[in-house]
Amino acid sequence: IINGNVSLEAIVGYTRINKSHKRKDVQQHDVGAIAIGALNVLGGDFNGTDITSSPKSDVLFGALHANLRYFHEGFGFSLRPGISHLEEKQKGFTESNQHKVDGFKMKLTQASVRAQICASLNAVQPYIFAEYQHDISSTKARVQDSVESAQGVAVNYKSPNDGRSKRTLM
């Protein structure tokens, strides 16, 4: 706390993630089987081969925010500008079917500002806020934009990177 109306907040974090994945092999089946495999997530019964893997990731996170507050005649006004940064590095791994998956690095730096107004009504303090976030820099997701079945039928889909906005208003 700098004074009664201004404070700074700094957060730093690290985690190591050891995942355990299990999926069905749909490469050996036709496009219809791929759709059935997707339904398996909802509890269907798809008889593909089980493939397991154990990817590992290191995640580093940091953020710095200022909290600015002002109170006047039963109302509170606050502003919270800040910046945050996240980096994840996943090591390459080999699935149980010997398919090698490359490692990757992902980074995201984001600026944000939150504005809030509250009213002090004895024991109750209703409030409303709006928050804006802007991606200063980010790593685009590496995704395929098509899959070809064993019978040579191609299924195309839109990449999530196309038309992605760097701005979020909540």
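User: What makes the group of Lys56, Lys89, Lys91, Lys105 and Lys107 a patch of positive charge?

Analyst: In this predicted model, Lys56, Lys89, Lys91, Lys105 and Lys107 gather on the surface. Lys counts as positive, and like charges are joined into a patch within 9 Å. The five lysines are therefore listed as a patch of positive charge.

User: Why is Lys91 called partly exposed?

Analyst: Its relative accessible area is 41%. Partly exposed is the class between under 20% and over 50%, so Lys91 belongs there. Lys91 sits in the loop between strand 5 (75–90) and strand 6 (93–94).

User: How do you know that Arg80 and Glu9 form a salt bridge?

Analyst: The N to O distance between the side chains of Arg80 and Glu9 is 2.5 Å. The limit is 4 Å, so the pair qualifies as a salt bridge. The two residues come from distant parts of the chain: Arg80 is in strand 5 and Glu9 in strand 1 (residues 6–18), 71 residues apart.

User: Are Arg80 and Glu9 buried or exposed, or in between?

Analyst: Arg80 has 25% relative accessibility and Glu9 has a relative accessible area of 27%. Buried would require under 20% and exposed over 50%, so Arg80 is partly exposed, and so is Glu9.

User: What makes Arg16 and Asp58 a salt bridge?

Analyst: The closest N and O atoms of Arg16 and Asp58 are 3.6 Å apart. With a cut-off of 4 Å, the pair therefore counts as a salt bridge. Arg16 lies in strand 1 and Asp58 in strand 4 (residues 56–72), 42 residues apart, and the pair links these distant parts of the chain.

User: Why is Asp58 called partly exposed?

Analyst: Asp58 has a relative accessible area of 21%, and the buried class ends at 20%, so Asp58 is placed in the partly exposed class. Its partner Arg16, at 40% relative accessibility, is also partly exposed.

User: How do you know that Lys19 and Glu88 meet in a salt bridge?

Analyst: Their side chains are 3.9 Å apart, N to O. The limit is 4 Å, so the pair is accepted. Lys19 is in the loop between strand 1 and strand 2 (21–25), while Glu88 is in strand 5, so the salt bridge ties together parts 69 residues apart in sequence.

User: Which classes do Lys19 and Glu88 fall into, buried or partly exposed?

Analyst: Glu88 has a relative accessible area of 17%, which is under 20%, so Glu88 is buried. Lys19 has 24%, so Lys19 is partly exposed. A search of the whole structure finds four salt bridges, including this one.

User: What makes Gln125 partly exposed?

Analyst: Its relative accessible area of 48% does not reach the exposed class, which is over 50%, so Gln125 is partly exposed. Gln125 is found in the loop between strand 8 (104–119) and strand 9 (127–138). Setting aside neighbours within four places in sequence, Gln125 contacts Cys118, Ala119 and Ser120. The C-alpha atoms of Gln125 and Gly74, 51 residues apart along the chain, are 9.7 Å from each other.

User: What is the make-up of the protein chain in helices and strands?

Analyst: The protein chain has one helix and twelve strands, in the order β-β-α-β-β-β-β-β-β-β-β-β-β. Of its 170 residues, 19% are buried. Among contacts with a separation of 6 or more, 62% join residues 24 or more positions apart. The accessible surface comes to about 12000 Å², and 57% of this belongs to carbon and sulfur atoms.

Conventions. Residues are numbered from 1 along each chain as its sequence is written. This is a predicted model: local features need pLDDT of at least 70, side-chain atom pairs count only at pLDDT 80 or more; totals for chains, interfaces and linings use all residues. Side-chain values use heavy atoms; hydrogens and water are left out. Patches are made of residues with over 30% relative accessible area and no salt bridge: like charges are joined within 9 Å, nonpolar side chains (Val, Leu, Ile, Met, Phe, Trp, Tyr) within 5 Å. Accessible areas come from the Shrake-Rupley method with a 1.4 Å probe; for residues, only the protein chains shown count as cover. The place of a charge is taken as NZ of Lys, CZ of Arg, CG of Asp or CD of Glu. Helices (H or I, at least four residues) and strands (E, at least two) are DSSP runs, numbered from the N terminus. Buried means under 20% relative accessible area, exposed over 50%, partly exposed in between (1.4 Å probe, protein chains only). Contact means heavy atoms within 4.5 Å.
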